[in-house]
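Subject: The structure, and what turned up in it

Hello,

Here is the structure I promised to pass on. Please have a look at it first, and then read on for my notes.

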Amino acid sequence: MDVAKFGFGRLTATSVSADAVTVEATGPGIYLSSTAPVGRSSLLNSLDILVRSVTGHTAVLVLSVR
């Protein structure tokens, strides 16, 4: 997915725990961070990030435009 259309250059999952995932969006002069539990979503600009599941240190994220 080209995350530049959402206003940032890079999207990174920075933390995966048993019950939540933290993602960070960065770019020139931009830093956004959000944490969402399994089964819930977070919104960074108009990018919806759903945490579908977490197994160990691996998360399944569903990205969509809101």
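Strands, like helices, are DSSP runs numbered from the N terminus (E and at least two residues for a strand, H or I and at least four residues for a helix). Leu63, for example, is part of strand β6, which covers residues 58–65.

Two notes on reading the model. This is a predicted model, in which local features need pLDDT of at least 70 and side-chain atom pairs count only at pLDDT 80 or more, while totals for chains, interfaces and linings use all residues. Residues are numbered from 1 along each chain as its sequence is written, and side-chain values use heavy atoms, leaving out hydrogens and water.

Let me start with the charged residues. The structure holds one salt bridge (a side-chain nitrogen of Lys or Arg within 4 Å of a carboxyl oxygen of Asp or Glu). Its partners are the side chains of Arg66 and Asp48, at 2.7 Å from N to O. Arg66 sits in the segment after β6 and Asp48 in strand β5 (residues 47–55), so the pair ties together parts that are 18 residues apart in sequence. Is each partner buried or exposed? By relative accessible area, buried means under 20%, exposed over 50%, and partly exposed in between (1.4 Å probe, protein chains only). Arg66 is exposed at 60%, whereas Asp48 is buried at 10%.

Asp48 also appears among the neighbours of Ser42, a residue of strand β4 (residues 41–44). Ser42 is buried too, with 8% relative accessibility. Leaving aside residues up to four places away in sequence, Ser42 touches Val23, Ser34, Ala36, Leu47, Asp48 and Ile49, where contact means heavy atoms within 4.5 Å. With Ser34 there is a polar contact between the side chains, at 3.3 Å (a pair of N or O atoms within 3.5 Å; within protein, one must be able to donate a hydrogen and the other to accept it, and residues adjacent in sequence count only if both atoms are side-chain atoms).

Ala36 is also touched by Ala20. Ala20 lies in strand β2 (residues 20–27) and is buried, with a relative accessible area of 15%. Its other contacts, again not counting residues up to four places away in sequence, are Ser15, Thr35, Pro37 and Val38. Ala20 and Ser53 are 33 residues apart in sequence, and their C-alpha atoms are 9.0 Å apart in space.

Back to Leu63: this residue is partly exposed, with a relative accessible area of 32%.

Enjoy exploring it!

Best wishes
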